[in-house]
Amino acid sequence: MKKFLSKPYRWAAVFAVLLTFSFVFVLLDTFVIPKNVTEVKQREAAETAEQQNTASEQQSAAEDPSEFGSETEAAVTDHSYQDKNIKITIDTVQAYDTTFYVADIRLSDASYLKTALAENSFGRNLKETTSDMAEEHQAIFAVNGDYYGFRNNGYVLRNGVLYRDTARQAGNDEALVIDDHGDFSIINENAVSADCLTNPWQVLSFGPALIKNGEIVVDSTSEVSQSKNSNPRTAIAQVSGLHYIVIVSDGRTEESAGLSLLELAQEFAERGCTIAYNLDGGGSSTMYFNGEIVNHPTDGRSSRQREVSDIVYIGNE
């Protein structure tokens, strides 16, 4: 070995091999190798919410049986769904040289607004397509979530279960909290501990917030990290109690340029939203409805769904 390393260029070769190995390992560790896997288990909080759901469902039906349609069968079209607890309509809109899809959602209880994790487990680099996760959970409607598995920090709380309480340390750290009444709020992860949240049902960690207290809080210079100004987008907003708007836009194609964060916020504001929050976008942006993909997912190079860590969905199961 000593003789082998006596030549300087051989040291350089060994260093280059080690450097290459380290670089490849970092890439695999970041993007490929699954780790920290925790099987999803519904804890007491989730069970309690289900019980509350049942009680609320019975109360809602008794108070206003016509609000959510038939008690026994769902009314379904290509662009709408309505049963006794869930009402969804989807409109396709053309503006800003972009095609985007607006889902208007009304629920009888917050427990119908659910989330799911890829492979039904919490962990790094666990991925499935939005449609696969939606079908596994018999979702009526679904969009991609915050892609939590791409990072080691950012709160992850889903269906009442806290999986990660590590706050993001740099850049935007606004998280969307949905409580067990279905009401939205925006928190700063570095100012509010995940353990201090009151009756949280879901926490999504991406951002930024688009609207707070009915006011647009982004401008024409706002963007997510180094993303382009116009992109495929996914965002969710609350209009009033158990009334939500979800928007997914196409982008990065000749047919559809994509939306800026300000344009996205303006669309929510026009629909009366009081809080709106940006989720993972770009190639992740996907809207699923009744077994079909509504939008045209693309990363700008190929047209197909990206595998992601999680979804937000509406469903009875």
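This passage describes salt bridges, polar contacts, backbone geometry and a charged surface patch in a predicted model.

The model is predicted: local features need pLDDT of at least 70, side-chain atom pairs count only at pLDDT 80 or more, and totals for chains, interfaces and linings use all residues. Residues are numbered from 1 along each chain as its sequence is written, and side-chain values use heavy atoms, with hydrogens and water left out.

Salt bridges were examined as follows. A salt bridge is a side-chain nitrogen of Lys or Arg within 4 Å of a carboxyl oxygen of Asp or Glu. By this rule, six salt bridges are counted. Side chains of opposite charge can pair when their charged atoms come close. Arg-158 and Asp-146 form one such bridge, at 2.8 Å from N to O. This pair links distant parts of the chain, with Arg-158 in strand E9 and Asp-146 in the loop between E8 and E9, 12 residues apart. Helices (H or I, at least four residues) and strands (E, at least two) are DSSP runs, numbered from the N terminus. Both Arg-158 and Asp-146 are buried. Buried means under 20% relative accessible area, exposed over 50%, and partly exposed in between (1.4 Å probe, protein chains only).

Asp-310 also forms a salt bridge with Arg-158, and the closest N and O atoms are 2.8 Å apart. Here the linked parts are strand E21, which holds Asp-310, and strand E9, which holds Arg-158; the two residues are 152 apart in the chain. Asp-310 counts as buried because its relative accessibility is 0%. Arg-158 has 2% relative accessibility and therefore counts as buried. Asp-146, Arg-158 and Asp-310 are thus linked in a network of salt bridges.

A further salt bridge joins Arg-168 to Glu-189, with 3.2 Å between the closest N and O atoms. Arg-168 lies in the loop between strand E10 (161-164) and strand E11 (174-179), and Glu-189 in the loop between strand E12 (184-188) and E13, so the pair ties together parts that are 21 residues apart in sequence. Arg-168 and Glu-189 are both buried.

Polar contacts were examined next. A polar contact is a pair of N or O atoms within 3.5 Å; within protein, one must be able to donate a hydrogen and the other to accept it, and residues adjacent in sequence count only if both atoms are side-chain atoms. Thr-115 belongs to strand E6 (residues 113-117). Its relative accessibility is 3%, so Thr-115 counts as buried. The side chain of Thr-115 makes a polar contact with the side chain of Gln-202, at 2.7 Å. Tyr-112 lies in the loop between E5 and E6. With a relative accessible area of 3%, Tyr-112 is buried. Its side chain makes a polar contact with the side chain of Asn-85, at 3.0 Å. Tyr-112 and Ala-139 are 27 residues apart in sequence, and 9.8 Å separates their C-alpha atoms in space.

Glu-73 is placed in the loop between helix H2 (44-63) and strand E2 (75-76). At 58% relative accessibility, Glu-73 counts as exposed. Glu-73 and Asp-83 are 10 residues apart in sequence, with a C-alpha to C-alpha distance of 6.4 Å.

Several backbone features were found in loops. The peptide bond from Gly-207 to Pro-208 is cis, with omega near 5°. Pro-208 sits in the loop between strand E13 (200-204) and strand E14 (209-212). Asp-97 is not a glycine, yet its phi is positive, near 60°. Asp-97 is located in the loop between strand E4 (86-95) and strand E5 (98-107). Its relative accessibility is 66%, so Asp-97 counts as exposed. Tyr-147, also not a glycine, has a positive phi of about 55°. The loop between strand E8 (141-144) and strand E9 (156-158) contains Tyr-147. Tyr-147 is buried, at 14% relative accessible area.

On the surface, Glu-119, Asp-132, Glu-135, Glu-136 and Glu-307 form a negative patch. Patches are made of residues with over 30% relative accessible area and no salt bridge; like charges are joined within 9 Å, and nonpolar side chains (Val, Leu, Ile, Met, Phe, Trp, Tyr) within 5 Å. Glu-307 is found in the loop between strand E20 (292-293) and strand E21 (310-314). Glu-307 counts as partly exposed because its relative accessibility is 41%.

Definitions and conventions:
Accessible areas come from the Shrake-Rupley method with a 1.4 Å probe; for residues, only the protein chains shown count as cover. Lys and Arg count as positive and Asp and Glu as negative; His and the chain ends are not counted. The place of a charge is taken as NZ of Lys, CZ of Arg, CG of Asp or CD of Glu.
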